[in-house]
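Me: Please take a close look at one part of this model, the sheet together with what packs on it, and go through it in one connected answer, with the cut-offs stated.

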Amino acid sequence: MPDRQPPQLWCLVRLDDNGNEFVVRDGLDRASAETLARTFEARGHKQSYWIRVQGPGAEKRPEAE
């Protein structure tokens, strides 16, 4: 029986006005990450948003309240 890989996790990243990158949210599936990126982009701020795969061994972090 082949080893089953855990689902790939994605994160939403923001580029601010000073060229700094920040992870806005992580631990997402791809569809959720894409939807969230579109939502933030639609707000019309100057910042850029995109998604990327989280690195190996990255675990989902609890959302900040």
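Reply: What follows describes the sheet, then the helix and the core, and finally two single residues.

This is a predicted model, in which local features need pLDDT of at least 70 and side-chain atom pairs count only at pLDDT 80 or more, while totals for chains, interfaces and linings use all residues. Residues are numbered from 1 along each chain as its sequence is written, and side-chain values use heavy atoms, with hydrogens and water left out.

The protein chain contains one helix and three strands, arranged from the N terminus on as β-β-α-β; helices (H or I, at least four residues) and strands (E, at least two) are DSSP runs, numbered from the N terminus. The three strands form an open sheet in the order E2-E1-E3, with antiparallel pairing, where two strands pair if DSSP finds at least two bridges between them. Strand E2 (21-28) and strand E3 (48-53) are the edge strands, each pairing on one side only. Neighbouring strands of the sheet are turned against each other by 25° on average, direction ignored; the axes behind such angles are lines fitted to C-alpha atoms, for helices over the stretch in contact, and angles run from 0 to 180 degrees between N-to-C directions.

Taking the two pairings in turn, E1 and E3 are joined in the antiparallel sense over six bridges, and Leu15 stands opposite Ser48 in E3. Helix H1 packs on this sheet and touches E1, E2 and E3, its direction making about 170° with that of E3; contact means heavy atoms within 4.5 Å. The antiparallel pairing of E1 with E2 runs over five bridges, and here Trp10 stands opposite Leu28 in E2.

Trp10 and Leu28 both belong to the largest nonpolar core, whose eight residues also include Leu12, Ala33, Leu36, Ala37, Phe40 and Tyr49. Strand E1 (10-15) and helix H1 (30-42) each supply at least two residues of this core, and the largest share, four residues, comes from H1. Such a core is a set of buried Ala, Val, Leu, Ile, Met, Phe, Trp, Tyr and Cys residues joined through side-chain atoms within 4.5 Å, where buried means under 20% relative accessible area, exposed over 50% and partly exposed in between (1.4 Å probe, protein chains only). Ala37, leaving aside its neighbours within four places in sequence, is in contact with Leu12, Tyr49 and Ile51.

For the chain as a whole, 23% of the 65 residues count as buried, and of the contacts between residues at least 6 apart in sequence, 55% join residues at least 24 apart. The accessible surface comes to about 5300 Å², with 48% of it belonging to carbon and sulfur atoms; these areas come from the Shrake-Rupley method with a 1.4 Å probe, and for residues only the protein chains shown count as cover.

Two residues complete the picture. Arg25 is found in strand E2 and, because its relative accessibility is 31%, counts as partly exposed; its C-alpha atom is separated by 5.6 Å from that of Cys11, although the two residues are 14 residues apart along the chain. Gly19 lies in the loop between E1 and E2, and in this hairpin, which has five residues between the strands, Gly19 takes a positive phi near 85°. With a relative accessible area of 49%, Gly19 is likewise partly exposed, and from C-alpha to C-alpha Gly19 and Gln47 are 9.4 Å apart in space, at 28 residues apart in sequence.
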